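Please open the structure in your viewer and keep the sequence panel beside it. The tour begins with one pair of strands and then moves outward to the whole chain.

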Amino acid sequence: MAQDWYKDAVFYEVFVRAFADSNQDGIGDLKGLVSKLDYLQDLGVDALWLLPIAPSPLRDDGYDVSDYCAIHPDYGTLEDFNELVTQAHRRDLRVVVELIPNHTSDQHPWFLASRNPEHPEHGKYRDWYVWSPTDSRYAEARIIFLDYEPSNWTYDPVRKEYYWHRFFRHQPDLNYDNPEVQRAMLKVAQFWIDRGVDGMRVDATPYLYEREGTSC
């Protein structure tokens with residue numbers, strides 16, 4: 001299989017929630033997508049690019065991930081995902097998923113432990129996010145959603161510090177200066193590779209590291 005197959009491939013971007021509903025609950029799901037694979041193959045599609053399908057509060061269409069290694073229950077199960085990959089590959093369709101390494105949901109267990117000094121795992125996750133006693137660091141970094149967020153910092157009343165977010169306040173940024181965070185995200189990527197995905201679209205990579213004097 002050519003490593004550069006994607007250069008000439010026809011991608012079909014799928015928002016699973018709005019694509020095909022297999023159980024008539026009004027929400028698209030993975031089984032619904034499987035039922036349409038012949039149709040997509042007939043269209044001449046080479047690869048399916050799935051928008052976020054992981055568990056999430058869905059405050060940002062799934063880009064606020066609360067569990068990197070599972071499927072949102074609205075969409076099905078990991079077994080359903082495995083079946084999707086199997087059936088897609090039988091039709092020579094490749095499957096690409098979203099990897100969202102820059103930030104998590106503020107409901108992710110990592111953040112819940114990081115923000116709360118009383119949490120039993122606080123010591124492990126204390127530095128997994130970007131915390132500061134002030135909101136004056138990285139002052140030159142632009143605010144991406146200025147209409148919604150007055151600052152890239154939000155004060156957390158539990159930890160009594162500010163946490164950094166390049167997007168919405170419910171999406172705290174992970175701290176990539178911490179090697180444990182790097183290793184954890186590599187494990188996430190391997191989790192999906194082991195399930196047979198053909199690639200990943202990696203979200204928001206310009207924002208993984210915070211540095212003074214940058215306006216990106």
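In which sense do β4 and strand β6 pair, and over how many bridges? Select residues 161-164, which are strand β6, together with β4, and you will find that they pair in the antiparallel sense over two bridges; two strands count as paired if DSSP finds at least two bridges between them. Within this pairing, pick Ser132, which stands opposite Tyr162 in β6.

This is a predicted model, in which local features need pLDDT of at least 70 and side-chain atom pairs count only at pLDDT 80 or more, while totals for chains, interfaces and linings use all residues. Residues are numbered from 1 along each chain as its sequence is written, and side-chain values use heavy atoms, with hydrogens and water left out.

Next, add β5 to the selection, and an open sheet of three strands appears in the order β4-β6-β5, with antiparallel pairing. Its edge strands are β4 (131-132) and β5 (153-156), each of which pairs on one side only.

Now colour the whole chain by secondary structure, which comes to six helices and seven strands (DSSP runs numbered from the N terminus, with H or I over at least four residues for helices and E over at least two for strands). Followed along the sequence, the pattern reads β-α-α-β-α-β-α-α-β-β-β-α-β.

Finally, display the C-alpha atoms alone, and they fill a box of roughly 55 × 35 × 35 Å along the principal axes. If you then shade residues by burial, the buried ones (under 20% relative accessible area, with a 1.4 Å probe and protein chains only) make up 48% of the 216 residues in the chain.

Terms used: Buried means under 20% relative accessible area, exposed over 50%, partly exposed in between (1.4 Å probe, protein chains only).
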